[in-house]
Amino acid sequence: MASIMRTGASLLLALLAGCVAFAAAQETPQTHPLTNLPPAGEISTGFFFPDFPTRQFIAGQPVKVVLGVRNEASEAYNVSAIMGSLNNAADFSAYYWNFTQQIYFQAVAPSEELSVEYSFLPPKDLPPNDYQVALTVFYQDAQGFKSTTFFNQTVSINEKPQLIDWKLIFLYVIFIGLVFAGVYSVWNNVKESQLYKTTVGKKARKVEVSRADNADEWVKGTPYDNWRKASGKGKGASKKAQ
Ligand SMILES: *[C@@H]1O[C@H](CO)[C@@H](O)[C@H](O)[C@H]1NC(C)=O
Ligand SMILES: *[C@@H]1O[C@H](CO)[C@@H](O)[C@H](O)[C@H]1NC(C)=O
Ligand SMILES: *[C@@H]1O[C@H](CO)[C@@H](O)[C@H](O)[C@H]1NC(C)=O
């Protein structure tokens with residue numbers, strides 16, 4: 001019995017030790033590539049935003065940037081990746097978001113040019129504001145990694161324009177409802193008033209009377225009148241005959 005318990009305890013201990021080791025391995029800090037940027041190499045860069053030339057980005061919509069790299073060094077570079085981040089416009093050390101890195105591994109020979117495309121996504125729920133966006137290209141030669149931050153500027157990120165403005169529609173519905181309620185209550189008051197009852201009541205009676213007169217006047221002397229009278233008589237006659 002005691003030996004079983006001892007084995008159980010030691011098993012548990014071994015398991016715990018394994019867990020701790022695993023957790024420690026997970027926690028070994030991995031420095032982010034943007035934390036300590038490698039030194040700059042000899043390249044010149046140019047860029048443009050084909051879809052957002054005014055650099056007014058929209059939260060939740062991917063932004064494409066085309067980067068042109070010209071190798072000004074005497075040895076080839078291997079353009080490996082582009083990465084970016086979204087930072088506080090007033091304090092660059094405040095990181096809000098790191099954009100996904102994109103891998104290229106494309107060589108560019110001395111005096112040659114290369115253009116690559118990079119897409120980043122301002123988060124959907126980002127409050128509309130000014131932000132600092134920094135985009136960095138990483139490349140390597142025989143000596144190791146180099147980096148150049150080709151874009152580091154304040155941009156404004158706006159809310160996605162809503163196709164259907166539900167808030168406005170809601171307000172319209174409430175407004176129309178209020179107007180109907182108002183018209184209805186006024187109508188109710190008018191309907192109950194004595195003035196309405198007398199005037200409209202009289203008119204209705206008058207109309208009925210005149211319509212009846214007209215009906216007789218219209219047909220007086222026409223073939224229809226004659227036929228009506230004749231058939232009326234005829235009916236009476238046939239009834240009598242039966
Ligand atoms: C984003 O990059 C910065 C700069 O290296 C780093 O300090 C931060 O931890 C990164 N954030 C995330 C969520 O990876
Ligand atoms: C660029 O570097 C990567 C990683 O070192 C390598 O796999 C790739 O073959 C290189 N590309 C060229 C064109 O040299
Ligand atoms: C971007 O510019 C800010 C100043 O506006 C500077 O503090 C920061 O170091 C720059 N970031 C990079 C990656 O060059």
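**Exercises on salt bridges in a predicted model**

At 13% relative accessibility, Lys146 counts as buried, in a model that is predicted.

**Exercise 1.** Find which residue forms a salt bridge with Lys146, and decide whether that residue is buried or exposed.

*Solution.* Begin with the contact itself: Lys146 is joined in a salt bridge to Asp141, and their closest N and O atoms are 3.4 Å apart. Then turn to accessibility, where the cut-off for buried is under 20%. Asp141 has 11% relative accessibility and therefore counts as buried, and Lys146, at 13%, counts as buried as well.

**Exercise 2.** Work out which residues are linked with Arg70 in a network of salt bridges, and state how each of them is classed by accessibility.

*Solution.* First, take the contact between Arg70 and Glu72, in which the closest N and O atoms lie 3.7 Å apart. Next, take the salt bridge between the side chains of Arg70 and Glu113, which is 3.2 Å from N to O. Arg70 belongs to strand E3 (residues 63-71) and Glu113 to strand E6 (residues 113-120), so this pair ties together parts that are 43 residues apart in sequence. Arg70, Glu72 and Glu113 thus make up a network. Finally, Arg70 is partly exposed at 29%, Glu72 is partly exposed at 41%, and Glu113, at 57%, is exposed.

**Exercise 3.** Describe the chain over the residues that UniProt marks as "transmembrane region".

*Solution.* The unreviewed UniProt entry places this feature at residues 166-187. Over that stretch the chain is 100% helix and 0% strand, with 31 Å between the end C-alpha atoms.

Conventions:
Residues numbered from 1 in each chain as written. Chains lettered and ligands numbered in written order. Predicted model: local features only at pLDDT ≥ 70, side-chain atom pairs only at ≥ 80, totals over all residues. Heavy atoms only, no water. UniProt positions renumbered as here; feature names shortened; annotations may be inferred. Helix = DSSP H or I, 4+ residues; strand = E, 2+ residues; numbered from the N terminus. Salt bridge = Lys/Arg side-chain N within 4 Å of Asp/Glu carboxyl O. Buried < 20%, exposed > 50% of the residue type's maximum accessible area, 1.4 Å probe, protein only.
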